Structures are given as structure tokens and as C-alpha cells.
Amino acid sequence: MLTDGDGTITAMEGNGLRSLHCPVNIGGIPATNVQALRRKGLDARLLMFRAPKLRSDVPDIVLNVPNGLRRRQVVQARAFAKLVPDTDVFHFYFGHTLVPRRLQFPLLRVTRRKSVLHYLGSDIRGKPPAELAWGKRADAEIVGSWDAHRWVPGAHVVPPAIDLARYEIAPPPANERVRVAHAPSNRAKKGTDAVIAACEELDVELDLIEGVKHDEAKRRYALADVIVDQLVVGWYGLFAIESMATARPVVTYLHEDAVDQTERAYGAQVPIVNATKQTLVEKLRPLVGSAQLRAELGERGREYVARVHDMNAVGDRLVEIYESL
């Protein structure tokens, strides 16, 4: 199904299991999953409540939900009713559903449709089991890493996917000083103060990438020599994945148990420099001083992304999950 500017939904041809990915596109992960599934010959569509602001991904359906609870729920309910006949799997993201939770899963059972609840990180991190228990109403739950798996035991682990063909391997420009890129969505959660202090101590250039469109962010971290992702959360995000895809060395804070689980699951060493706020200067110093070390880590990062985060492999994994429902 596709939509024009007024939100009208029309039919779309497809093969096999038909999935609807909704209702947000955080980090472009839902949009990439849609593309991965289409490569496998499946009918997959992206629905968003509102048009995107910082990404160039184009959703198939934009509801343009109005303000006001009652009006919004009417629009969402009408969309669900129109979409049910042509959808086999409703794939929800970030704790959102198409209609209110209390109605969504009973309606799916009545209409004999399957559901997947896909968590993206901050929607589950640190929350007690009771707060996440509602997710068991879905036919399957997905998390993006073995680190996130601790919050939703029993969930499928499906790493965030990227299209490697869109990321070129290119050496950084001849910067006068080593350039460190850091893209905090939330400075406190990313440990940005420690990054600023470390770059000042090491006399390196810092590019803080904030509030810009995704294409501009990609262009800027491709100009960097080193990427610092985060120093608080305990795992890497899409910023680190995209940086490794361009063969940039990445520094971030990783929980060691999740590193071990990841390496066992994928048979590949996680090629990220593990640092905390307290050890950042110590871990950055060798990278600042050695272009060869930066190149070696960058090459290993690209290979790791090709093995773990390539959209073709992720598409296969999603098909497996759908077929198991």
C-alpha cells in the first residue's frame, strides 16, 4: 500500500508474507528493514504517524495524525481497518502500536494477524520487568543487541542493519590535527562532557555533530579520523555502525559480557576500543598518535559490519522470525 499527501491508502502488490513496519522510523532502522525484506521478495511497507524531519527515508504511508487524543485515535483506527486485509505481520517499533495497546493485540488476535514488537534501546534500558510485561502480548519480541537482551530475556536478537553499498571506504582528509567526531543525541547519556575534556587534553579537533540531517551527519563523520560514540550506555549504536562501515575507528563504552555473547554469536571480534569517561584519554592517545593503528582498526570495523550488520543477512533473519510465528 502507498499513500499520497493526504494520507489516502491504496493497494500494493507483493509476494509472500506481507509486513507493515510502524509507526516511527527511529534511526532509519525500520526503513532499512523494509528495504531488506523487499530484497527478499516480500511485500514490506513503512508507515509513520508523521513525516520525517532529519532523515531522507521516504515512508510508504504517512498518517499525518492530528493533535487531540480523540481525533488522533480515529485516524489511527481507520488506518488499521484499511491495512488489516493486506497485512500478515504488524511490526511495531519503540514501544508504539498503531492503535492503543489495550486494543491493538486483541484486534490482531480477532483478525488472525501476527505481531512483532521491536525495541530500539532507550525504550527498554533500565526498566523493570513489570513495565515491559505488556510486550509479551506480541507474537515475537526483538532487541538489537545481546546487551539489550538482558532487559527482554527470550527476545530475538536482530542487529541494526545498514546498506553497505551506500558507505564508501575512503581515507580521512589530511587534517592539520587529528579530528574526533562525536554525535550526541543526549549529551548526558553520551558522556559528551568527558569527550570535550579529553579532546582538549590531547589537543585534537572535536566535531560535535548535533541537530543536523542524517546525510549531513554522514558527510561530517566521514571527515573524521576517530569516532567517539558514547561513554555511558554500555553498547554501540547506529552512529558507530555507520562509522565502522566507512572504515573509521570507533571508541565507545561496552559491557564486557555483551561483547563476549556477541563474539560467540557471530564468530567475529568486536573491533571497538572500549573506554569509559575515566579511561577515555588513555584509550584515545594511541589512536591520536598512530595513523596505522587507526587504519587497522578501521579495516576491521568494516569487516565486522559486513558480517554482523549487513542488511541482506538481517533480512534473512527477519524472514526466519516471520515464518516462525
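Okay, let's start at one small spot: just after helix H1, Gly 41 takes a positive phi of about 90°. Keep that in mind, and remember that what we have on screen is a predicted model.

So what about H1 itself? This helix covers residues 29-39, and eight of its eleven residues are buried. Let me read those out: Ile 29, Pro 30, Ala 31, Thr 32, Asn 33, Val 34, Ala 36 and Leu 37.

Let's pick one of them. Ala 36 sits in H1, and it counts as buried because its relative accessibility is 0%, with the cut-off for buried being under 20%. Which residues does Ala 36 touch, if we skip everything up to four places away in sequence? The answer is Met 311 and Gly 315. Now look at the numbering for that second partner. Ala 36 and Gly 315 are 279 residues apart in sequence, and yet their C-alpha atoms are 4.8 Å apart in space.

That brings us to the whole chain. Residues 24 or more positions apart make up 65% of the contacts with a separation of 6 or more. The chain has twelve helices and 14 strands. Of its 325 residues, 53% count as buried.

How about the overall size? Along the principal axes, the C-alpha trace spans about 60 × 40 × 35 Å. A compact globule with 325 residues would have a radius of gyration near 20 Å, and this chain has 21 Å, so the two agree.

A quick word on the surface. The accessible surface of the chain is about 15,100 Å², and 51% of that belongs to carbon and sulfur atoms. As for charges, there are 44 positive and 40 negative side chains, and the centres of the two sets lie 8 Å apart.

Right, back to the backbone, and here's some background first. Most residues other than glycine have a negative phi, and most peptide bonds are trans. Our opening residue was a glycine, Gly 41, but there are also residues here that aren't glycine and still have a positive phi.

Take Asn 64, where phi is near 50°. You'll find Asn 64 in the loop between strand E5, residues 61-62, and helix H2, residues 69-83. Is Asn 64 buried, exposed or partly exposed? It's partly exposed, because its relative accessibility is 42%, and that class runs between 20% and 50%.

The other example is Ala 247, with a phi near 65°. This one is in the loop between helix H8, residues 238-245, and strand E13, residues 250-252. Ala 247 has a relative accessible area of 18%, so it counts as buried, the cut-off being under 20%.

And which two residues does a cis peptide bond join? Cys 22 and Pro 23, with an omega of about -5°. Pro 23 lies in the loop between strand E3, residues 15-22, and H1. Its partner Cys 22 is buried, with a relative accessible area of 0%.

While we're on cysteines, Cys 199 is buried as well, at 3% relative accessibility. How many disulfides does the structure hold? Zero.

Pro 23 also gives us a link to strand E5, where we find Ile 61. The C-alpha atoms of Ile 61 and Pro 23 are separated by 9.5 Å, and the two residues are 38 apart along the chain. Ile 61 is buried, with a relative accessible area of 0%.

Two last stops, both in helices. In H7, residues 214-221, we have Arg 220. Is Arg 220 buried or exposed? Buried, because its relative accessibility is 16%, and the cut-off is under 20%. Leaving aside neighbours within four places in sequence, Arg 220 is in contact with Asp 207, Leu 208, Ile 209 and Val 212.

Then there's Ala 306 in helix H11, residues 291-308. With a relative accessible area of 38%, Ala 306 is partly exposed. Its C-alpha atom is separated by 10 Å from that of Ile 241, which is 65 residues away along the chain.

If you want one thing to find on screen afterwards, go back to H1: look for Ala 36 in that helix, and then find Met 311 and Gly 315, which it touches. Thanks, everyone!

Terms used. Residues numbered from 1 in each chain as written. Predicted model: local features only at pLDDT ≥ 70, side-chain atom pairs only at ≥ 80, totals over all residues. Heavy atoms only, no water. Disulfide = S-S within 2.5 Å. Buried < 20%, exposed > 50% of the residue type's maximum accessible area, 1.4 Å probe, protein only. Helix = DSSP H or I, 4+ residues; strand = E, 2+ residues; numbered from the N terminus. Rg over C-alpha atoms; globule rule 2.2 N^0.38 Å. Contact = heavy atoms within 4.5 Å. Areas by Shrake-Rupley, 256 points an atom, 1.4 Å probe, with all protein chains shown as cover. Lys, Arg positive; Asp, Glu negative; His and termini not counted. Charge placed at Lys NZ, Arg CZ, Asp CG, Glu CD.
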